Each structure stands twice: as structure tokens, then as C-alpha cells.
Amino acid sequence: MVQRVSLIALCLAAVGSSALAADLPRRVAPPVFAPVPVFTWTGFYAGFNAGYAFSDNAAIRTRGNNGAGAGPLIGPANTNTVNNVLTNRRPGVFGVQQEGFTGGAQIGYNYQFTPGSGIVVGVEADAQYTDLRRTGGFVSGLGDPSTFRQQLDFLGTVRGRIGYAFDRFLVYGTGGFAYGDVGYRANFLSNAVGNPLAYTGGYRDMETGYAYGGGIEYALPTDSFLNVFKTSAVTLKVEYLRYDLGSRNVIVSSINPATGATFTAATGSYTSRFSTEGNLVRAGVNYKFGSF
């Protein structure tokens, strides 16, 4: 009897201990926190740009050159081209302003010294089409027309960049080498009765110079809908560039309108000096490859 009572007591004690243990809080492993990556601008990138290009109303300066066999001043068709410019028969100074669309692509590399906020340096190369083709005309008081054509079909640059990043927001300045495909042409006509003359000259080639400017750029999150290439980041930028490809003299020689023969020595010539400089205002998108 005593043994049965003891066995029942042990069973009750075991049940009570199990119930008490069930009421105690369970030990849970501490949560694991993954560090949030700090954004850095370091890495390669490539992208596209589009915007507005406009040139200065740069002065095209023309002077007269008397040839070795230039004749005397016989009005109204003076063969002395120096006098023709001085009397405003030809414009001594004329300007052709250009404006149009620009679009192209760029590739580059940035290095940020301290992730998050800090100084960013880099290099960028770009190339773009520029719709800068314009012709301007002038008619003298004697009815002699003059036309000037200036164009820039292509512009490329290789520039350094330096700026400061405020996390995903970057402000920068830029400057470096520029090159472009330029074209110049001048045509002068003389409507004098019995002595018609035409003068023409042109130049088309690659010119070099420099470009400088600045911009702002913002990095979107990696999961942005614009990240169609699944890169580490997509950045949007707005940029201004000033370019200067220098100046060039163009010899405008006389020809016979009927035969096309050149008469430079007999009737003299003109020299027109053109310059190519202007501005780009553009927006762009870059796809960044590399560190977060």
C-alpha cells in the first residue's frame, strides 16, 4: 500500500514539473543584422546623353588680299579686294550663330576616397552628334551678296572630373581635351555689269581644342526600374560644357563663273577667319559597374 502511494506521488510530481517547464520562456537565438552597404561612386560606368547645343555669335573676320596682278580701282567692280572690304562691299565682320540638338554616349571611371560622403575623382570620354549647321548672308549697298557657312557635325571630349559626393548626390567640375569635325565656307559674288566675279573658299577637317564645365549627378537605388542592365547602380546627371576648337583662316579665291577657273593672282583674294566655340547643356543616364 505504501509503495502504491509513493508511486502515485512520483507520477504527480513528474506531471507538475513538465507543466511548470512548459510555462517557462524559451531561449531564442539573437537576430542577425546584415550591415547596410554604404554607397560609393567608385567603379566603371557607361551611358547616354542628349540635350541642346548652341554656338556663340562668333565674328567671322574678312580681309582683302591684293594679288600680284591686281588691277587698279575701277568702279564699281574693284579688283582691289582690300578696298572692297574697307568700303563695306564685303563685310569685314559677320557672325553666324548656330543652335540645335546634340546626342551621344559616354564611358568613364570614378574613384571615391571615402565611401558615403567624400571627394570623387575620375576620367570620362564622350562623343556626340551636334546639329550645328547654319548659313548667313550679307548684301552690300551695291547689291553684291556674300554668304558664310559654318558647321560642327561631331564633337568628342576626354576630360578629367573632380567633385564631392554627399552619399548618392555628386557635384563635380570637369575639363580636358576636345575634338570635332568642323566645316567652313565663304562665297562672294560681284554683280558688276561686264565684269562678273565670284570668290569662293572652304575648309573641312578635324580640329582640336579644349572643353570645361560642371554638373550634378544622382544615383538611384539598384532596384530602380531604369536599371534594365542589372548593374550596381543607375545615375542621372545634368551637365554643362563649354568647348573651344580654335580658329582657322580660309582663303577665298576669285574664279570665273563661266569656266570655274581660278584667278587668284589676277584679281586678288580674301581671307576669312572662322572660329568654333560654343556650349552644350545636356542630361544623361549612366549605368555603373563595380563596388556598391
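## A guided tour, starting at a loop

Start by selecting N88, which sits in the loop between α2 (81–86) and β3 (93–95). This is a predicted model, so treat the tour as a walk through a prediction. N88 has a phi near 70 degrees, a positive value in a residue that isn't glycine. That's worth a look, because most residues other than glycine have a negative phi. N88 has 42% relative accessibility, so it counts as partly exposed.

Next, jump to D167, in the loop between β6 and β7. Here too phi is positive in a residue other than glycine, near 60 degrees. Is D167 buried, exposed or partly exposed? At 35% relative accessibility, D167 counts as partly exposed.

**Into the core**

Now select F148, F188, Y243, L245 and F274. In the largest nonpolar core, which has 27 residues, these five touch the most other members. To see where that core comes from, colour these strands: β5 (117–139), β6 (145–166), β7 (169–190), β8 (197–220), β9 (233–255) and β10 (269–289) each give two or more residues to it. There's also a second, separate core of 8 residues, and A165, L170, Y172 and A219 are among them.

Go back to Y243 and show its surroundings. Setting aside neighbours within four places in sequence, its contacts include S55, L132, L152, L155, Y210 and A211. On the list as well is a run from T276 through E277, G278 and N279 to L280.

**Rings together**

Turn on the aromatic side chains: the count comes to 15 aromatic pairs. Zoom in on F188 and Y270. Their ring centres are 5.0 Å apart and their planes stand at 90 degrees, which is why the pair is edge-to-face. This pair links distant parts of the chain, with F188 in strand β7 and Y270 in strand β10, 82 residues apart. Both F188 and Y270 are buried. Widen the selection to add F94, F148, Y184, Y199, Y203 and F274, and you have a cluster linked by ring pairs that includes F188 and Y270.

**A glycine in β1**

Select G47, in strand β1. Its relative accessible area is 6%, so G47 is buried. What does G47 touch, not counting residues up to four places away in sequence? The answer is A105, Q106, V285 and N286. Now measure from G47 to I107 in your viewer: their C-alpha atoms are separated by 6.5 Å, although the two residues are 60 apart along the chain.

**Empty spaces**

Last stop: the cavities. How many cavities of 30 Å³ or more does a search of the whole structure find? It finds 4. The largest has a volume of about 70 Å³. To find it, select S55, Q98, Q150, S275 and E277, which lie nearest its centre among the 13 lining residues. β6 and β10 each supply at least two residues of that lining, and by class it has 5 nonpolar, 6 polar and 2 charged residues.

The second largest cavity has a volume of about 50 Å³. Select W41, G43, F44, Y45, N110, R161, E217, T235, N286 and K288 to show its lining. N286 should look familiar, as one of the residues that G47 touches. The lining's largest share, 3 residues, comes from β1, and β10 supplies at least two. By class, this lining divides into 3 nonpolar, 4 polar and 3 charged residues.

Technical notes: Residues numbered from 1 in each chain as written. Predicted model: local features only at pLDDT ≥ 70, side-chain atom pairs only at ≥ 80, totals over all residues. Heavy atoms only, no water. Core = buried A, V, L, I, M, F, W, Y, C linked by side-chain atoms within 4.5 Å. Buried < 20%, exposed > 50% of the residue type's maximum accessible area, 1.4 Å probe, protein only. Helix = DSSP H or I, 4+ residues; strand = E, 2+ residues; numbered from the N terminus. Contact = heavy atoms within 4.5 Å. 1 Å grid on protein atoms, 1.4 Å probe; cavity = no way out; pocket = protein on both sides within 12 Å on 5 of 7 lines; lining within 4 Å. Points joined across faces, edges and corners; volume = space filled by probe spheres on them. Nonpolar A, V, L, I, M, F, W, Y, C, P; charged D, E, K, R; others polar. Phe/Tyr/Trp six-rings, centres within 6.5 Å; stacked < 30°, edge-to-face > 60°.
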